[in-house]
Amino acid sequence: MTLVVDRIQGPAPVGERVYKPKGASLELMYARESECLIEGPSGTGKSRSALEKLHICANKYPGMRGAIVRKTRESLTQSTLVTYETKVLPSPGAVKFHYDDQEYRYPNGSCLALAGMDKESRIMRSDYDIIYVAEATE
């Protein structure tokens, strides 16, 4: 499978969605700092670029543990996860959502856990390789 980052310069395989980050979103894709912040007006693709990067990392690094967090777990469902499931995940995808553990599991053993900051015990007791805090201003 071709990773999203490879699609920046080349054509997408048939049936896959094309994502072409620009500006700060492109910088985020290649950022290696331990903390990154992307800001700007609504509708400019900030969440999409962060979710694409998580998806790239989950595919590229087998066994990677990532997390998507927001102020409350419930607020993820109607915002961030809609973007993740409709624009980032390929369809039909091999990535499966496990309700009991509240995480997306990739065929290579990587996973993306979902959590709200209102229940910090869910994320504080685990080790993660990468964490995306959606709407960090909340």
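**β4 is mostly covered, with six of its six residues buried.** This is a predicted model, so local features are described at pLDDT of at least 70 and side-chain atom pairs at pLDDT 80 or more, while totals for chains, interfaces and linings use all residues. Residues are numbered from 1 along each chain as its sequence is written, and side-chain values use heavy atoms, without hydrogens or water. Buried means under 20% relative accessible area, exposed over 50% and partly exposed in between (1.4 Å probe, protein chains only). Look along β4 (111–116) and you will find Cys111, Ala113 and Ala115 pointing one way, with Leu112, Leu114 and Gly116 pointing the other way. In a regular strand, side chains alternate between the two faces of the sheet. Every one of these six β4 residues is buried, whichever way it points.

**β1 has neighbours on two sides, β4 and β5.** Five of the six residues of β1 (65–70) are buried, so the strand is largely enclosed by the rest of the structure. Helices (H or I, at least four residues) and strands (E, at least two) are DSSP runs, numbered from the N terminus, and two strands pair if DSSP finds at least two bridges between them. β1 and β4 run parallel and are joined by six bridges; to find your place, start from Arg65, whose bridge partner in β4 is Cys111. β5 (130–133) also runs parallel to β1, and four bridges connect the two strands. Here Gly66 makes a good landmark, as it stands opposite Ile130 in β5.

**β3 and β4 form a hairpin with five residues between them.** The pairing is antiparallel and extends over three bridges, with Glu103 opposite Ala113 of β4. Within the turn, Gly109 has a positive phi of about 95°. A second antiparallel pairing brings in β2, which three bridges join to β3 (103–105). Follow Phe97 across this pairing and you reach Tyr104, its bridge partner in β3. The loop between β2 and β3 contains Gln102. Phi of Gln102 is near 50°, a positive value in a residue other than glycine. Most residues other than glycine have a negative phi.

**Five strands make an open sheet with mixed pairing.** Reading across the sheet, the order is β2-β3-β4-β1-β5. β2 (96–98) and β5 are the edge strands, each pairing on one side only. Ignoring direction, neighbouring strands of this sheet are turned by 20° against each other on average. In the chain, the strands are accompanied by helices: there are five of each. From the N terminus on, the elements run α-α-β-α-α-β-β-β-α-β.

**Helices α2 and α4 meet the strands.** Contact means heavy atoms within 4.5 Å. Angles run from 0 to 180 degrees between N-to-C directions, and axes are lines fitted to C-alpha atoms, for helices over the stretch in contact. α2 (46–60) lies across β1, β4 and β5, running at about 165° to β5. Helix α4 (80–88) packs on the sheet as well, where it touches β1, β3, β4 and β5. The direction of α4 makes about 15° with that of β3.

**Tyr61 sits in the loop between α2 and β1.** Is this residue buried, partly exposed or exposed? Tyr61 counts as partly exposed because its relative accessibility is 38%. Leaving aside residues up to four places away in sequence, Tyr61 touches Asn108 and Ser110. Tyr61 and Asn108 are 47 residues apart along the chain, yet their C-alpha atoms are separated by 8.1 Å.

**Stepping back, the chain has 138 residues, 35% of them buried.** Consider the contacts between residues at least 6 apart in sequence: 59% of them join residues at least 24 apart.
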